Each structure stands twice: as structure tokens, then as C-alpha cells.
Amino acid sequence: MHYKVEICGVNTSRLPLLTNEETYALLYRCKDGDLTARDALVQGNLRLVLSVIQRFTGRGELPDDLFQVGCIGLLKAIDNFDTSLQLRFSTYAVPMIIGEVRRYLRDNSPIRVSRSLRDTAYKALQAKEQFIRDEQREPTIDELARLMGMQREDVVFALDAIADPVSLFEPLYSDGADSVCVMDQVRDDHNTDEAWLEQIALQDAIGTLSERERHILRLRFYEGRTQMEVSSEIGISQAQVSRVEKSALARMKRQL
């Protein structure tokens with residue numbers, strides 16, 4: 001049974017999937033002005049749009065809106081893709097879709113804060129003003145939390161929630177030519193676009209292997225088995241395990 005999920009009137013359980021060969025065949029036809037092929041490319045890659053917008057959920061935006069913006073990025077990827085490079089289309093399309101969604105989030109909706117969090121922040125500001133009048137100095141967060149009878153973390157979260165957001169492209173320093181922006185000073189080494197794209201490329205490379213090759217690599221590198229242990233489990237010689245392993249790794253390396 002398919003679970004029906006409607007986004008922009010599209011039943012996502014019935015979205016088609018295209019192989020790499022089918023995608024390239026449609027791309028060649030699309031470059032020749034075939035609008036039917038362009039429509040088929042869009043339909044065949046809507047699952048890609050869905051997978052991208054999932055990482056942007058929980059930001060107060062409607063899934064339908066993010067889906068439509070992601071489709072714009074998909075259309076741009078189709079129109080600008082260079083078939084002569086012989087890359088997987090998804091490797092090129094994902095950054096285009098991400099960029100379009102990020103541009104939409106940056107240019108459109110402000111940060112939405114719940115009423116209870118906003119009320120807490122305003123009470124904290126009033127308590128801070130009263131403390132300054134009485135003590136002639138600004139209170140620390142711990143002092144403010146004690147005045148309000150709240151946890152320190154709750155006060156910090158509330159005050160941060162009403163603070164004006166700072167754009168990652170906000171210049172911090174400029175020497176007249178190049179500017180140093182907030183983005184240049186902030187970095188997440190774990191959840192980067194590069195790491196996400198590398199994971200997609202690795203999954204595509206693994207997808208080119210046979211079931212037997214994937215099984216051997218899983219035993220060798222995920223479960224830490226030796227070649228002798230793998231050969232005993234599968235029922236082939238250690239030399240055959242070594243040949244299959246080397247061949248699979250070489251093919252994945254070429255794909256990457």
C-alpha cells in the first residue's frame with residue numbers, strides 16, 4: 001500500500017524514478033527544444049526536490065512553498081546542465097535546488113517566535129531595566145534569572161529569540177577591496193554542503209556495484225571482517241575476495 005502525501009496537489013507516492021541513462025536521454029532531447037522531455041525530466045526528479053526540502057523543515061515555512069521554490073531550482077538545473085561533462089544530474093541539481101531554497105528563506109520570511117517565548121523576553125527586558133535603575137549597573141544573566149524565578153537557559157533562549165537576526169553576508173571588516181563576512185567566521189565542519197554532496201556521490205557510486213560486491217565491502221569495511229573471514233562466510237577463496245574487493249573499489253573511485 002502506498003502512503004499518499006499531497007504536496008502542491010502532487011501525490012508523492014506515485015512520483016516516477018529515472019535511471020541515469022533515461023535522464024541523459026531526456027536531457028539531450030531537452031537541449032533540442034523538446035518540451036515533452038523537459039516535463040518528463042521535472043516529473044522524474046521531483047523526489048530529488050522532496051529530499052532536499054526535508055532538511056529545511058521546521059523553519060516555519062509551508063512545505064508547499066518550499067516544494068515550489070525547489071522546483072524552480074530544478075528547472076534552472078535542467079536548463080543549465082552541461083551534458084558534455086558526463087556528471088550525474090543529481091550531483092549538479094542538488095546544489096541548485098539548495099541555493100534556490102536558501103535564497104527564498106533569506107529574502108522572504110522573518111524569524112517567527114512563539115508568543116510565550118516573546119512574552120518571557122519582554123518580561124526579562126523589564127526586569128533588566130528595573131535592576132539598572134535600582135543598582136546602577138546591568139545585571140548578569142544569573143541575576144536576571146533569579147529576579148524572574150526562571151532557569152538561566154530559559155532567559156537566554158528568550159532574549160536570543162527576539163534579537164535581530166544577522167545575515168551571514170553581513171560584512172564585519174573591509175579593507176577597501178575584499179570584505180570579511182559573518183559566513184567567513186562561522187563554520188560547521190560536520191554539516192557542510194560539501195559533506196552532504198560527498199555522501200550523495202558515494203551513494204551513487206555504491207549503487208553501481210553488484211549485490212555481491214556490496215555485500216563483500218559491507219563485511220570488510222563496515223563490520224571489520226578480514227578477507228579470510230569473508231571468504232569463509234561467502235564460500236569463495238581469499239584470493240577471489242581480494243579480486244572482487246579491488247575491482248569494486250577501483251570502479252567506485254572512477255565514479256567518484
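**View 1. Packing of helix α12 against helix α13.** In this predicted model, helix α12 (residues 227-234) and helix α13 (residues 238-255) have axes that come within 8 Å and cross at roughly 105°, where axes are lines fitted to C-alpha atoms over the stretch in contact and angles run from 0 to 180 degrees between N-to-C directions. That angle makes α12 roughly perpendicular to α13 (65 to 115 degrees counts as roughly perpendicular). Gln227, Met228, Val230 and Ser231 of α12 meet Gln238, Val241, Ser242 and Glu245 of α13, contact meaning heavy atoms within 4.5 Å. The residues of this contact divide into three nonpolar, four polar and one charged (Ala, Val, Leu, Ile, Met, Phe, Trp, Tyr, Cys and Pro count as nonpolar, Asp, Glu, Lys and Arg as charged, and the others, Gly among them, as polar). Helices are DSSP runs (H or I) of at least four residues, numbered from the N terminus.

**View 2. Packing of helix α7 against helix α8.** The axes of α7 (residues 141-148) and α8 (residues 152-162) cross at roughly 105° and come within 9 Å, which makes α7 roughly perpendicular to α8. On the α7 side the contact is made by Ile141, Asp142, Leu144, Ala145 and Met148, and on the α8 side by Arg152, Val155, Val156 and Leu159. Seven nonpolar and two charged residues, with no polar ones, make up this contact.

**View 3. Packing of helix α2 against helix α4.** With their axes 10 Å apart, α2 (residues 35-44) and α4 (residues 63-80) pack at an angle of about 130°, and α2 is therefore oblique to α4 (oblique covers the angles left after those under 35, over 145 and from 65 to 115 degrees). Arg38, Leu41 and Val42 in α2 meet Leu74, Leu75, Ile78 and Asp79 in α4, and the residues of this contact divide into five nonpolar, no polar and two charged.

**View 4. The second largest pocket.** This pocket has a volume of about 470 Å³ (a pocket is an open set of points on a 1 Å grid over the protein atoms alone where a 1.4 Å probe fits, with protein on both sides within 12 Å along at least five of seven lines, and lining residues have an atom within 4 Å of a point; a volume is the space filled by probe spheres set on the points). Of the 19 residues that line the second largest pocket, Leu48, Arg88, Ser90, Ile200 and Asp204 are the closest to its centre. Two or more lining residues come from each of α1 (20-31), α3 (46-53), α5 (89-107) and α10 (193-207), and α10 provides the largest share, five residues. The lining divides into seven nonpolar, nine polar and three charged residues.

**Notes.** Residues are numbered from 1 along each chain as its sequence is written, and side-chain values use heavy atoms, with hydrogens and water left out. Local features need pLDDT of at least 70 and side-chain atom pairs count only at pLDDT 80 or more, whereas totals for chains, interfaces and linings use all residues.
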